[in-house]
Structure formats: C-alpha cells, structure tokens
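Visitor: Please show me the model, and then I will ask about its cysteines, its sheets and its cores.

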Amino acid sequence: SYQIDRICLARLDGDGLLLWKQCYNSSDPKLMNEDFRDVIKTPDKGFLITATCDYLDTISTNSYWPKQYYIKTDSLGSMEWEKVVFSNDYLSGGDAWTTTLDADSNYYYSSVSHYYFETNFSSPALIKLDLYGNVVDVYDIVSGYINGGLTHSKFINDSTLASICAYGDNQEEIVTLAALID
C-alpha cells in the first residue's frame, strides 16, 4: 500500500552499519500522504521530524487539505508523540519546511507556509511549539498574498531568529530576508 512507511528514520554507526530503523505510520485515519521535510536532534537526545500531510476535513468540505505534521521520537527512534497542526480547523493549514530549537531549549520554531483556505491566501509564518508538540502561537510574517512561505529559520544569537521567506501574487514574487526577535 502507498500509505505504509512514508516516513522513516534510521541510525547508522561510524562505519555505516544500520543500528536501527523506525517507520512512522499514523493510526489517524484522516491523515495521508505524509511528506518528510526535516529532522533535528531534541534536548533529550531524541529527534523531531518536520513533515507535511494531507488531512481530511470532515467539518466543512469532506476534502483533504495540507497540514503541518510533526513526529517526536526518543533516542532509539520510537515515537513519543505526533501532532497535526490545525487538525480541528478546516480554514487553516499549510506546509511545514524546517524546524529549529531556541537557545534555551524550551521551544521549537517551525518555518511554514500558513494557508487560509477560505481566502486562498498563504502567509510565510512561524509556528512556536513547546517540547510536547503543543502549539504556543502562530506568527504570520506578512498576510494578504496568494503565495507565501517561510522555508528556513535559524537562531543567529540567543534572541534573534533569521528567516528566509517569499511572498507575492501570481504576477510577482518578492523574496526577503527577515530578522525576527523572539
């Protein structure tokens, strides 16, 4: 089946020998078409996978919409939790691209395209998650554009996050580098 083993994580030793391999197949029947984008090491020596999935909207349209999707594992790759952001909100969603950890190791900041399905807008945005996958806040960088996405962010010191985002309409794309203060 095309739904099996879409996202896997493997650990190799220094000689390239496989130590372990784990694949993550959600038990949520509304989730499909997972697309792996990024992985980082977590403060507890586990891993956080950043992904995008299609998620079934049973409230309004009975259609699948792209949503940001995260998988947290322990150091051996066993799943600890998974989170589909905006899973209960049929008007929002989007693609997740990369995630970084703040200097205090208290929050994850995920670079995303934040879609507004009702208006067909997509904002470059950051999603702030706690270490348990709970959404603390969503920060749209700009709004009111048809195309928008924030693809990469990195802390350049303890409080400044540099991000690469693009936004515009169908005729014009504007690329900008934004420095954001936490």
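Visitor: Is Cys53 buried or exposed?
Guide: This is a predicted model, in which local features need pLDDT of at least 70, side-chain atom pairs count only at pLDDT 80 or more, and totals for chains, interfaces and linings use all residues. Residues are numbered from 1 along each chain as its sequence is written, and side-chain values use heavy atoms, with hydrogens and water left out. Buried means under 20% relative accessible area, exposed means over 50%, and partly exposed lies in between (1.4 Å probe, protein chains only). Cys53 has a relative accessibility of 0%, so it counts as buried.

Visitor: Why does Cys53 have no bond to the closest cysteine sulfur?
Guide: A disulfide is a pair of cysteine sulfur atoms within 2.5 Å. The closest cysteine sulfur to that of Cys53 is in Cys8, and it is too far for a bond, at 16 Å.

Visitor: Which cysteines form a disulfide?
Guide: By the distance rule, the count comes to one disulfide. Its sulfur atoms are 2.1 Å apart, and the pair is Cys8 and Cys23.

Visitor: Where in the chain are Cys8 and Cys23?
Guide: Strands (E, at least two residues) and helices (H or I, at least four) are DSSP runs, numbered from the N terminus. The disulfide links distant parts of the chain, 15 residues apart: Cys8 is in strand E1 (residues 7–12) and Cys23 is in strand E2 (residues 18–24).

Visitor: What is the handedness of the disulfide of Cys8 and Cys23?
Guide: Cys8 is partly exposed at 27% relative accessibility, and Cys23 is partly exposed at 25%. The torsion about their S-S bond is about 105°, so the disulfide is right-handed.

Visitor: Which strands stand at the edges of the open sheet of four strands?
Guide: Two strands pair if DSSP finds at least two bridges between them. The order of this open sheet is E3-E4-E5-E6, with antiparallel pairing. Two of its strands have a single partner strand each, so one side of each is left without a neighbour in the sheet: E3 (31–41) and E6 (79–84).

Visitor: Which residue of E6 stands opposite Thr73?
Guide: Strand E5 (residues 64–73) pairs with E6 in the antiparallel sense, over five bridges. Opposite Thr73, in E6, stands Met79.

Visitor: Which element gives the most residues to the largest nonpolar core?
Guide: A nonpolar core is a set of buried Ala, Val, Leu, Ile, Met, Phe, Trp, Tyr and Cys residues joined through side-chain atoms within 4.5 Å. The largest one has 13 residues, of which Ile7 and Tyr69 touch the most other members. Two or more residues come from each of E1, E2, strand E4 (47–56) and E5. With five residues, the element that gives the most is E4.

Visitor: How many residues are in the second core?
Guide: This core is separate, and among its members are Leu48, Phe86, Val112 and Ala125. Its residues come to 12.

Visitor: Why is strand E8 described as largely enclosed?
Guide: Strand E8 covers residues 107–116. It is largely enclosed by the rest of the structure because the buried residues number seven of the 10.

Visitor: How many residues lie between E8 and E9 in their hairpin?
Guide: E8 pairs with strand E9 (residues 121–130) in the antiparallel sense over 10 bridges, and Val112 has Ala125 as its bridge partner in E9. In the turn, Asn120 has a positive phi of about 65°. The number of residues between E8 and E9 is four.
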